[in-house]
Amino acid sequence: MAAFETVIGLEVHLQLNTRTKMFCRCRNHFGDAPNTNVCPVCLGMPGSLPVINETAVRYARQAGLMLNCAVAQFSKFDRKNYFYPDLPKAYQISQYDLPLCGKGHIDVEMDGGTRRFGITRVHLEEDAGKLVHDGHGGGSLVDLNRSGTPLLEIVSEPDMRSPDEAHAYLVTLKQLMSYLDISDCNMEEGSLRCDANVSVRPAGQAAFGTKVEIKNMNSFKAVQKALAYEVRRQIAAIEAGQTIVQETRLFDANSEKTVSMRTKEQAHDYRYFPDPDLVPMTFTAAEIETLKAQLPERPAVRRERFAAQYGISAYDAGVLTAEKPLADYFEAAISAGMSGKAAANWIINNLMAELNAAHRSITDCPITPAHLAELGALIEGNVISGNIGKQIFPEMFNTGKAPEEIVNEKGLVQITDSAEIDAWVNEAIARNPDVIESLKAGKGKAAGKLVGAVMQMSKGKANPALVNERIRHILIETHGLDA
Amino acid sequence: MITRDDVAYVARLSRVQLDDADLDRFAPHLQSILSYVEKLNELDVSAVEPTAHVLPLRNVAGVDDAAPSLANEDALRSAPRTSDGFFHVPPVIE
């Protein structure tokens with residue numbers, strides 16, 4: 001059996017989260033009643049004229065810079081002509097030969113090291129409307145709220161050599177785009193969509209094999225599975241002496257297979273031409289430099305800085321920088337006086353668990369970074385123990401109250417009065433006579449039972465270090481043990 | 001040469017219905033139009049940048065602030081058929 005090499009290229013569409021549409025000022029908003037965010041422009045009424053959304057153009061150029069693309073100094077919009085009921089003008093305004101951004105690349109960290117995948121281009125276009133096919137009495141229902149919303153298309157080079165690499169590319173791309181906050185980047189909700197081109201060729205062959213396009217994948221895992229299936233299918237077909245047909249196949253999530261769309265074989269003829277309703281865009285080198293200088297710190301750079309600057313593990317730094325809002329939260333807690341290690345521990349071990357359980361995101365977190373830092377200060381200053389801190393954490397989360405307020409309300413301030421603690425220690429010894437016997441028999445660990453008893457009597461409020469110290473003191477002084 | 005097939009293809013792209021007689025009639029028409037325009041090919045434009053737009057304007061864009069949209073009933077007013085706030089169109093067969 002000959003060895004085969006897999007070749008994958010991905011085309012990602014991102015819905016931009018601008019307030020308004022690409023070429024009119026209707027709201028760009030998901031989930032409204034059908035045909036309520038529409039106007040003559042996005043309905044394709046004769047005589048209406050599009051006006052470019054300057055924010056969408058900036059977002060597209062920022063995306064290009066984040067992907068190390070050459071950002072164009074001259075760009076224009078073109079018409080892509082085809083008929084479909086979700087496209088009221090019978091053409092989509094897109095970009096053909098002069099996209100906003102040209103070649104770039106992203107570096108993706110894989111188990112075996114960093115892989116660099118090329119970006120072919122990034123361009124801006126408008127989305128189509130939505131068709132609901134199960135219309136009453138046959139036919140289709142058309143909702144044009146999405147018609148004309150800004151869509152960013154990011155095309156990769158055919159640089160990925162396995163479904164795993166394609167998956168890693170998508171994860172990195174999504175993270176980079178999320179850092180710009182230009183899109184919700186949610187594949188399940190359709191704000192990030194991905195089509196894949198895949199072919200196989202005998203190892204060592206320079207020419208690409210016949211490529212197949214796969215559509216209809218609604219998660220990164222689905223992309224990975226669709227590609228894995230398709231690679232197996234193509235290799236099996238070639239080994240059986242068949243030829244691969246260039247076609248579009250749909251991924252079926254239930255069977256985890258791809259199936260041919262079986263459309264009539266007709267080449268699309270989009271007859272692209274410059275849109276006469278829109279004048280070209282120009283950008284100076286200085287403008288591009290300014291935009292570049294304003295980019296947020298890249299996640300990989302931020303991760304390394306976190307590890308170095310705050311002395312946290314590379315793993316923790318990775319978790320904290322996975323999403324920009326979480327990384328911002330972490331640094332806000334530090335600005336509020338918390339140590340890097342404490343902030344990392346509380347966020348990763350406690351806060352993220354609460355957020356997950358409550359199905360909330362960090363941007364909608366009831367505990368402010370200042371409150372988290374205050375909690376750290378209370379523990380650091382021995383006002384409460386770490387255990388009490390963990391106890392009140394869910395209440396901080398549920399009520400949004402400051403930790404000090406909860407501590408005062410519940411009287412949870414740590415007890416550091418040695419006389420009070422001594423009384424509990426003596427009582428613990430009286431209640432547990434076996435402990436002294438065990439200690440006399442040389443079983444040093446038996447003292448732990450006393451610590452537990454004292455903590456219980458103090459309802460967790462006794463300072464644990466002081467409890468240990470007083471137990472030791474009393475055992476030596478009163479009971480003649482050298483514990 | 002423009003053939004009947006070319007005319008039929010262009011007619012299909014434009015969703016224009018033509019019968020056999022139309023195809024016969026329009027093939028020479030299109031041919032004569034193209035021959036007339038063909039003259040432009042005599043010019044050497046290899047050093048000329050393609051024209052992106054005939055107007056000398058650049059960078060015309062709007063601010064990303066929402067303006068009122070049409071009311072649903074106004075949006076659907078000229079549609080031949082509607083259902084529950086949607087445009088209702090014949091079934092789509094690819």
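## Reading how two chains meet

Author: Let's start with the contact between the chains: chain A and chain B bury about 3,600 Å² between them, 59% of it on carbon and sulfur atoms. Arg25(A), Phe83(A) and Val279(A) supply 15% of the area that chain A buries against chain B, more than any other three residues. Keep in mind that this is a predicted model, where local features need pLDDT of at least 70 and side-chain atom pairs count only at pLDDT 80 or more, while totals for chains, interfaces and linings use all residues. Residues are numbered from 1 along each chain as its sequence is written, chains are lettered from A and ligands numbered from 1 in the order in which they are written, and side-chain values use heavy atoms, with hydrogens and water left out.

Reader: What does buried area stand for?

Author: The size of an interface is often given as the accessible area lost when the parts come together. Buried area here is the accessible area (1.4 Å probe) that two parts lose on being put together, summed over both. You can also count residues: 49 residues of chain A are in contact (heavy atoms within 4.5 Å) with 37 residues of chain B.

Reader: How many salt bridges are there between chain A and chain B?

Author: Side chains of opposite charge can pair when their charged atoms come close. A salt bridge is a side-chain nitrogen of Lys or Arg within 4 Å of a carboxyl oxygen of Asp or Glu. The structure holds 38 salt bridges over all chains. Arg19(A) lies in the loop between strand 1 (4-15) and strand 2 of chain A, and Asp65(B) in the loop between strand 1 (61-62) and helix 3 (72-75) of chain B, so this pair joins two chains. Their side chains meet at 3.0 Å, N to O, and the count between chain A and chain B is 1 salt bridge.

Reader: Which elements of chain A give two or more residues to the side that touches chain B?

Author: Helices (H or I, at least four residues) and strands (E, at least two) are DSSP runs, numbered from the N terminus. On that side you'll find strand 2 (52-53), helix 1 (54-66), strand 8 (130-132), strand 9 (140-143) and strand 16 (281-282) of chain A. Strand 9 gives the most, with 4 residues.

Reader: How does strand 9 of chain A pair with strand 3 of chain B?

Author: Strands of a sheet pair through backbone hydrogen bonds, either parallel or antiparallel. Two strands count as paired if DSSP finds at least two bridges between them. Strand 9 of chain A and strand 3 (residues 86-89) of chain B pair in the antiparallel sense over 3 bridges, with Ser140(A) opposite Val89(B). They belong to an open sheet of 4 strands in the order 8(A)-9(A)-3(B)-2(B). Strand 8 of chain A and strand 2 (82-83) of chain B are the edge strands, each pairing on one side only.

Reader: Where is a hairpin in chain A?

Author: Look at strand 6 and strand 7 of chain A, which a hairpin joins through 2 residues. Strand 6 (residues 104-110) and strand 7 (residues 113-126) pair in the antiparallel sense over 7 bridges, and Ile106(A) stands opposite Phe117(A).
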